[in-house]
Structures are given as structure tokens and as C-alpha cells.
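This report considers the empty spaces in a protein assembly and the contact between its chains. It begins with the lining of a cavity, then takes up a pocket and closes with the interface.

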Number of protein chains: 2
Amino acid sequence: MTSGAGTAAPGRALAHPDREQLALERVLHALADPVRLSVVGVLAETGEELPCSAFALPVSKSTCTHHFRVLREAGVIRQVYRGTAKLNALRRADLDARFPGLLDVVLTARRRADGT
Amino acid sequence: MTSGAGTAAPGRALAHPDREQLALERVLHALADPVRLSVVGVLAETGEELPCSAFALPVSKSTCTHHFRVLREAGVIRQVYRGTAKLNALRRADLDARFPGLLDVVLTARRRADGT
DNA sequence: CGTTAAGTACGAGAGTCATCGTACAAGGAG
DNA sequence: CTCCTTGTACGATGACTCTCGTACTTAACG
């Protein structure tokens, strides 16, 4: 339900960097953390918008909020309010446009070397 | 292995992680710094072994030593003593084997987005 | 309306990081 | 041998990060 005009958030909007403003170092830094890397991995695998609670991360809610903010501010994910939840989506198109191949390479590398 | 005998360092040898031990997060972290990223960029462009002093980095000598160590310990570069200087080489083959495409993608992204 | 679920805000604490300056070691040039 | 260049070692310092718990906001559900 809650369909109709806006699929999601009515008034509440979050700040996201523009595609052209994505900074490589910032993205790399966002990806250089095991918790965040696993979030990105799940988002990429499912290709869906997922609420924070769908990730079963080994950290507290506060820490969770922190990591999602880092990802959002780096431009890796897009967050949209939807009722009491907040949906997270990978900004694949923007990342691919700005840093072609980066996401795929990192995701592939993560899967192959995940034992380390 | 234990290379380094012929061309350069006589006795002094530095610790480098094995190819199979390169950790993605560690490499990403090493690359997520402007100073280190520029070092990697220069090494990739020239394809040569260069002494630390050839980089004209905007930091002090001590900081310079620090950054090169981070790169070496992440497995991004290989360092060899040669007289009073220390030559730095990009470990392209190892990186490409372990994380195919990563280096090229990052370097390409860096060139296009270097304005940020 | 009251309850519950999902996140946020706000500190706070421990740890790591980037930076520096100064003192030191080692090899090459004169 | 003496000096100079190159880089290391060793703190020290300030900033940022990751982590947490508790209190609060917001929306759905009955």
C-alpha cells in the first residue's frame, strides 16, 4: 500500500551528493570497511531497496546508522524514508558513470578474497 | 623468491605481504588517501622504480616514510634498498592477479575525477 | 488512543591515522 | 676521512573513526 503519488517519503528528504560530485577517495574510504562492504555486497546481490534492519549487521543500531550515513555521504547508496523505515538502494548507475567498473571490480574481489 | 639479491639491496630486506595475503579492505584503505593515491598514480604512469624523493609530495619526510610503509604493508608497492635510496615499484602483477581490474579502474577514475 | 517497531541524535570512550620535528643511520661524493 | 643526501626511528599531537548506550522521534497497527 501507501502507493499513489510518491512511492516513498512525503516530506523528509536526505542530502545526497550529486553524481558529478562523487569523490573517488571518499568512495574508496567508504568501501574500506568490512561492515559497509558487506552492506554494499548485499545490496548488489539483491538489487533491491532494503531497510537497514534487513542486513543483520554485527553492530548496534547506532553504529548501523553511522555506517549507512557514511555510505550515503560518499554517494554509494541512496536513502529514502518510507514510513518508519528507511530504504537503502545502491547508486549503481551513478557509480558506474563516474567510476566505470569500480563497483564490479570491488564486488568481485570481495567474493573471491572473502576468506582473508 | 626472496628476490632483491641481484640488482639492488645487499643485506637489508623489507617485509612485504605475499600475493595471496593481500586484503581488499587494506588495499582500499591504502588507496583512500590523496597522497598515497598520487604516489600510485605516478608509479603507474612511469612504470619505473622510483625513489621516495622523486614524488614531490606536499608532506614532510617523516610523513612520506609513513605513507610508503602503508602502501608497502597493504601490498600495493614493493620497496628495495639501493644505496642510500629506496626504490618503490608498483606490484601491478600481484594486484591484478588478486583483484583483477581494481588498479586500472582506480587509476582511470582518478584521472577523470582528479578535479575533486 | 496506546503500544510497538525503526531509526536518529547525542554524547562518550577507545583506537587508529596523518602530520610534524628532531635526532639518528647508512651509503656516495669530494 | 668529511660532508651531504636519503631515508628511518621515535615520540607527540590533533583529528577522525568505530563502537556503544540511552533518550527521543516518527509512523504503523490494533
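In this predicted model, the largest cavity is lined by Val27(A), Leu31(A), Val76(A), Leu95(A), Phe99(A), Leu102(A) and Leu103(A). The elements that contribute two or more residues to this lining are helix H1 (24-31) and helix H5 (102-112) of chain A. By class, the lining of the largest cavity consists of seven nonpolar residues, with no polar and no charged ones. The space inside the largest cavity amounts to about 40 Å³, and the count of cavities of 30 Å³ or more comes to one.

The second largest pocket, with a volume of about 340 Å³, has a lining of 19 residues, of which Cys52(A), Ser53(A), Lys61(A), Cys64(A) and Thr65(A) lie nearest its centre. At least two lining residues come from each of helix H3 (61-74) and strand E3 (85-90) of chain A, and H3(A) gives the largest share of that lining, namely six residues.

The table sets out the residue classes for the two linings and for one side of the interface.

| Group of residues | Nonpolar | Polar | Charged |
|---|---|---|---|
| Lining of the largest cavity | seven residues | no residues | no residues |
| Lining of the second largest pocket | 10 residues | five residues | four residues |
| Side of chain B that touches chain A | 16 residues | four residues | four residues |

What area do chain B and chain A bury between them, and how much of it is on carbon and sulfur atoms? The two chains bury about 1900 Å², with 75% of this area on carbon and sulfur atoms. Of the area that chain B buries against chain A, 25% is supplied by Glu25(B), Leu28(B) and Val105(B), which is more than any other three residues supply. The contact involves 24 residues from chain B and 23 residues from chain A.

Turning to specific interactions, the count of salt bridges between chain B and chain A is zero, and the count of residue pairs in polar contact between these chains, with both residues at pLDDT 80 or more, is likewise zero. On the side of chain B that touches chain A, the elements giving two or more residues are helix H1 (24-31), helix H2 (34-46), helix H4 (92-98) and helix H5 (102-112) of chain B. The largest share of that side, six residues, is provided by H5(B).

Terms used. Residues numbered from 1 in each chain as written. Chains lettered and ligands numbered in written order. Predicted model: local features only at pLDDT ≥ 70, side-chain atom pairs only at ≥ 80, totals over all residues. Heavy atoms only, no water. Contact = heavy atoms within 4.5 Å. Buried area = accessible area lost by both parts, 1.4 Å probe. Salt bridge = Lys/Arg side-chain N within 4 Å of Asp/Glu carboxyl O. Polar contact = N/O pair within 3.5 Å; in protein donor to acceptor, adjacent residues only side chain to side chain. Helix = DSSP H or I, 4+ residues; strand = E, 2+ residues; numbered from the N terminus. Nonpolar A, V, L, I, M, F, W, Y, C, P; charged D, E, K, R; others polar. 1 Å grid on protein atoms, 1.4 Å probe; cavity = no way out; pocket = protein on both sides within 12 Å on 5 of 7 lines; lining within 4 Å. Points joined across faces, edges and corners; volume = space filled by probe spheres on them.
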